[in-house]
Amino acid sequence: MIRNLDLLRTPNYQKKLSQCIHCGLCLQACPTYAVFGVEMDAPRGRIALMKAASEGRLETEEFRETFTQHISLCLACRACETACPSGVQYGALVEEARLVVERNRQPGLAERFLRWLGTKQLMVKPGLLKGLAYLMWLYEKLRLQHLIRTLNFLPKTLKAMEAILPPIQLKFTPLGRLLPARQNPHGRILFFTGCIQEGFLSAVNAATIRVLQHNGYEVLAPPNQTCCGAAQLHLGDKEFARQLARQNIDVFLAVGECEAILNNAGGCGVSLKEYPHLLADDPLYAERARQFSAKVRDVNEFLAANLRVPPRGRIEARATYSDSCHLRHGQKVIRQPRDLLKMVPGLQLIELSAPDRCCGSAGVYNIAQVDTANAILDAKMEDIAATGADLIVTSNTGCYMQLIAGVRRAGLKARVRHVVEVLDESYAAD
Ligand code: SF4
Ligand code: SF4
C-alpha cells in the first residue's frame, strides 16, 4: 500500500505536471544530469516519473525503487526552473514527490535517531545548538579535528558531516535586544538568525548586524524565533514544518512595524518567502503568512536597494561569487550580491563559467548522498580554481560550509566569505 499518492493526484499538481512540453531545454542546467548523463536523473525524466506515479505505476516494486532513487538524487536546486521556457514549477512538483518518497521509506534506527536529533532537537532548540557549537569550538581549538582528519577512520556519513564543519566563532546574536543604528536611524530591521547559521556561522550574523547598523538601521533579533522549517519539509515532516512556520510568524508579527524581516541564508529565505504556500489551507494563518512573507528580504536584496554608506576600505583580492541555488533560482536574487561586491575598492570579481550550477550542498544532500554531492562539488571547485580566485563569496549557510570543505578537498588557497563579511571588512578597513 503506497501512502500519500493523493498528493500527486490533485488537480493543481496535475496542472503543473502538464505544463512540461518535454522540450529538454532544462537538461544541460541539471547538475545530476551532468554527473550521470541519464534521462531519469534530469528534470524531464523526473517529471515523467512523477506523472507515471500519479497514474498508479508506483504499485510495482521495481518502479517504486526507480522512483525513490531518482527523486532522492534530485538536489531540488531548481536550476531547471530557471532554464524552463514553459514556466514549469519544478520546485513545487519535487516537493510533493519527495513527501511521497519520504512517507513510504522505512529508514533504519540510526537514520531515524539522527533525523530526530537534527531536525527536532538541535535545529529548534537554540540552547542545544549553542552547546554543540561550544563542543565543536573545543574540538577545533584542542586540535582534535586535525587528529581525526589525519587518522581518517570515520564512516562515510560522519566524515561528510565533519568535512563541512567551518571554523567556529562564538559570536552569538543577542536576542531581544535593540541594537542601535550608527547614524540617524532610517528604520528598524527584524533579523532572522537561522539555526545552523547562528550555531556554526555566528560571525556572519554578527557581520550582517554591523553592516546594517553602519547603514543607519537599528536591528532587533526577536527571541523565540525558530528554524525556518526547510529541512523538516524536505525530510517529509510537513506538519512540523508548518508548526515552525506558525511560530516564526507569531514571533515576528508581534514585534510590529519594521522596514524588513531580513535573513542572510538563501535556503532559509526561500522557505520564509514560501510560508503562504505552506500555510495556504490554514484558515488562521494563510493571511498572516502573507503579511509576514511580504516583509521578508534577503540581505543582498535589501542592501543593494538601501546601501547608504558605500564601502571605501580596499580589499585586494581576486574574488568569485558562487550563487546559492535557493537565492538564484528560488528568489531570483542574482544581480544584487554582484553589485555589492563590485562596489568594494580593490576587489576584482571574476564570474564562474557555470555560476548557476549547484555546489552539492542542497540542505542535507551532502550528507544523504555523499558520493554524488562530492562529484558535484568537485566540478564546482574546478570552475572556481580556473578563475584563480583567492576569495570565494557566497550567500547561504549550506554553500558556505560546503565550499570550505571544497577548498580543502581541492587543495586551494582561498578563503570563503559571505557578501556581508566582505562589506564589513571593507568598512573596517576605511
Ligand atoms: S532541481 Fe536541480 S537536480 Fe533536480 S532536476 Fe532540477 S536541475 Fe536537476
Ligand atoms: S521542465 Fe521545462 S525545459 Fe524541462 S522538458 Fe519540461 S518544458 Fe522543457
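Two strands are said to pair if DSSP finds at least two bridges between them. In this predicted model, strand 1 (residues 187-191) and strand 2 meet that criterion, since four bridges join them, and the two strands run parallel. One of the bridged positions is Leu-190, whose partner in strand 2 is Leu-220. Strand 2 itself spans residues 217-220 and has two unlike faces: Tyr-217 and Val-219 form the covered face, whereas Glu-218 and Leu-220 lie on the uncovered one. Leu-220 thus appears twice in this description, as the bridge partner of Leu-190 and as a member of the uncovered face of strand 2.

The ligands may be considered next. Ligand 1 is surrounded by 14 residues, of which Cys-30, Pro-43, Cys-74, Cys-77 and Cys-80 are the closest. Three helices each supply at least two residues of this shell: helix 2 (31-36), helix 3 (43-54) and helix 5 (79-83). Sorted by class, the shell around ligand 1 comprises 11 nonpolar residues, one polar residue and two charged residues.

Ligand 2 has 15 residues around it, and those that come nearest are Cys-20, Cys-23, Cys-26, Cys-84 and Ser-86. Two or more residues of this shell come from each of helix 3 and helix 5. Helix 3 makes the greatest contribution, with three residues. The class composition of the shell around ligand 2 is 11 nonpolar, three polar and one charged. Helix 3 and helix 5 therefore recur in the account of both ligands, because each gives at least two residues to the shell around ligand 1 and two or more to the shell around ligand 2.Elsewhere in the chain, helix 9 (residues 144-151) is hardly covered. Among its eight residues, the count of buried residues is zero. Helix 9 is followed by Asn-152, which has a positive phi, near 50°.

A final region to examine is the end of helix 24 (residues 419-429), in which Ala-429 is found. Why does Ala-429 count as partly exposed? The reason lies in its surroundings: Ala-429 has 14 C-beta neighbours inside 10 Å, whereas a residue is buried only with 20 or more such neighbours and exposed with 12 or fewer. Neighbours within four places in sequence left aside, Ala-429 is in contact with Gly-313, Arg-314 and Ile-315. Pro-311 lies 9.1 Å from Ala-429, C-alpha to C-alpha, although 118 residues separate the two in sequence.

Note on methods. Residues are numbered from 1 along each chain as its sequence is written. Chains are lettered from A and ligands numbered from 1 in the order in which they are written. This is a predicted model: local features need pLDDT of at least 70, side-chain atom pairs count only at pLDDT 80 or more; totals for chains, interfaces and linings use all residues. A residue is near a molecule or strand if its C-beta atom, placed from the backbone, lies within 6 Å of it. Ala, Val, Leu, Ile, Met, Phe, Trp, Tyr, Cys and Pro count as nonpolar, Asp, Glu, Lys and Arg as charged, and the others, Gly among them, as polar. Two residues are in contact if their C-beta atoms, placed from the backbone, lie within 7 Å.
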